[in-house]
Amino acid sequence: MTTPKEVLKMIQDNNIQMIDLKFIDMPGIWQHLTMFQGEIDESSFTDGVPFDGSSIRGWKAINESDMAMVLDPNTAWIDPFMKEPTLSITCSIKEPRTGEWYDRCPRVIAQKAIDYLNSVGVGDTAFFGPEAEFFIFDDVRFDQTANAGYYYVDSVEGRWNSGKDEGPNLGYKPNYKGGYFPVSPTDTSQDMRTEMLLTMAKCGVPIEKHHHEVATGGQCELGFRFGKLIEAADWLMTYKYVIKNVAKKYGKSVTFMPKPVFQDNGSGMHTHQSIWKDGKPLFAGDKYAGMSEMGLYYIGGILKHAPALLAFTNPSTNSYKRLVPGYEAPVNLAYSQGNRSASVRIPLSGDNPKAKRLEFRCPDATCNPYLAFAAMLCAGLDGIKNKIDPGAPLDKNIYELSPEELAKVPSTPGSLDLALEALEKDHEFLIQGGVFTKDFIENWISYKLDTEVNPLRLRPHPYEFSLYYDC
């Protein structure tokens, strides 16, 4: 743990002039405000730094816009992308008039989820390990006007460029679904990924590995160790920030969109999770796949509430272009050991009880991680509290089941609006312990419908011209 005094000393010792205060908005994008170092003192870590919250998406109205960013000293690192030495610190949001934490701040909601875990006596720590995939592109263009709409992405690795005159074309293009994971020269981003990984380490993220992913066209993944719920979400935001900015140095562009390339694998964010108490893991036992009864009940909660969960774990319209059969995306709500076609997988952990965990394979990195992790924890806790039986495991390849067998397996919603409908009907598990509020859930549903689902419905799609122009 780092104290405010230690952060202030770091600022003085390193002659840091600028302090970059970062916080996450409701949809999941980092926002920031940069302060001169003389404006930061110990009160900034308790009372916060005031700012206008009326322009932040999904937050305050203009007549109640005063808010405060409260600095978390544990999140301080020197930003590697700023010309002037700049200290980055992540903040949570308070109501300055009342001194209460703001109940629409995602980081505050994540803390409430941890408080709820402690209050029910199940455990004291929830660990999360997200695995966010992404694409690296060389060219990205898109537009939508009254009379036109298109997108275009390109990558030097794209198989679609195998016949392009590149003066010369060397021919090393990963095949569709063939990117996992040949060596150089087919893998062109080795050095870039190494720089991404080492830069993340300088920013305090506990790094593990990096590699190319399955899809052609520059799909990759970097790995970092699991952490406590809030720190794992903090690390994921740093992960995305570092990857995008290192790519920019190389003249490249990164997207975490789940499905930017048609007819190839999309980018997911498989999320490992477990609960501990007093330094001991609670999911290891003598049940199926070495799980404890508590661990299986947690899975039961995830599977029961999955349709509603996806409104937070897969919160974009593009998410549901990834969640389709045939691309390693788990659309069927079942669990299994080692079976990657199940939405919940129990990874191999050997004889080490500390490694016993479950992996929820539906989420993607368009999510706000603080909200997604908090929602998954609430679903799992509901499973434990109510002893929700996850049913029998499904150890067969789900994609090889007969239609009769497949009809017995529940599936994920097929679109964001259906996930939002499920959330509207099933959210009691989220408001237990005051983690989420009804106001937040109603605001989330309205925001998603008004700014994403309904605007997309209004716009002609290029493929509709192929289907219907000569009708």
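**Salt bridges, core and helix packing**

Lys 173 and Glu 166 pair in a salt bridge, with their closest N and O atoms 3.0 Å apart; the term stands for a side-chain nitrogen of Lys or Arg within 4 Å of a carboxyl oxygen of Asp or Glu. Lys 173 is buried at 6% relative accessibility, while Glu 166, at 29%, is partly exposed. Here buried means under 20% relative accessible area, exposed over 50%, and partly exposed in between (1.4 Å probe, protein chains only).

The model is a predicted one, in which local features need pLDDT of at least 70 and side-chain atom pairs count only at pLDDT 80 or more, whereas totals for chains, interfaces and linings use all residues. Residues are numbered from 1 along each chain as its sequence is written, and side-chain values use heavy atoms, with hydrogens and water left out.

Across the whole structure, 20 salt bridges are found. One of them joins Arg 97 to Asp 66, with 2.6 Å between the closest N and O atoms. Arg 97 sits in the loop between strand 6 (86–94) and helix 2 (106–119), and Asp 66 in strand 4 (residues 66–71), 31 residues apart; helices (H or I, at least four residues) and strands (E, at least two) are DSSP runs, numbered from the N terminus. Arg 97 is exposed, at 71% relative accessible area, and Asp 66 is partly exposed at 38%. Asp 20, Lys 22 and Asp 79 are linked in a network of salt bridges.

A further salt bridge, between Asp 234 and Arg 107, has an N to O distance of 2.8 Å. Asp 234 belongs to helix 4 and Arg 107 to helix 2, so this pair ties together parts 127 residues apart in sequence. Both Asp 234 and Arg 107 are buried.

Helix 4 also takes part in the largest nonpolar core, a set of 122 residues in which Phe 134, Met 196, Tyr 239, Leu 377 and Phe 436 touch the most other members. Helix 4 (residues 229–249) gives the most to this core, with 13 residues. A nonpolar core consists of buried Ala, Val, Leu, Ile, Met, Phe, Trp, Tyr and Cys residues joined through side-chain atoms within 4.5 Å.

Helix 4 meets helix 7 as well. The residues of helix 4 that take part are Leu 229, Ile 230, Ala 232, Ala 233, Asp 234, Leu 236 and Met 237, and those of helix 7 are Pro 369, Tyr 370, Phe 373, Ala 374 and Leu 377, where contact means heavy atoms within 4.5 Å.
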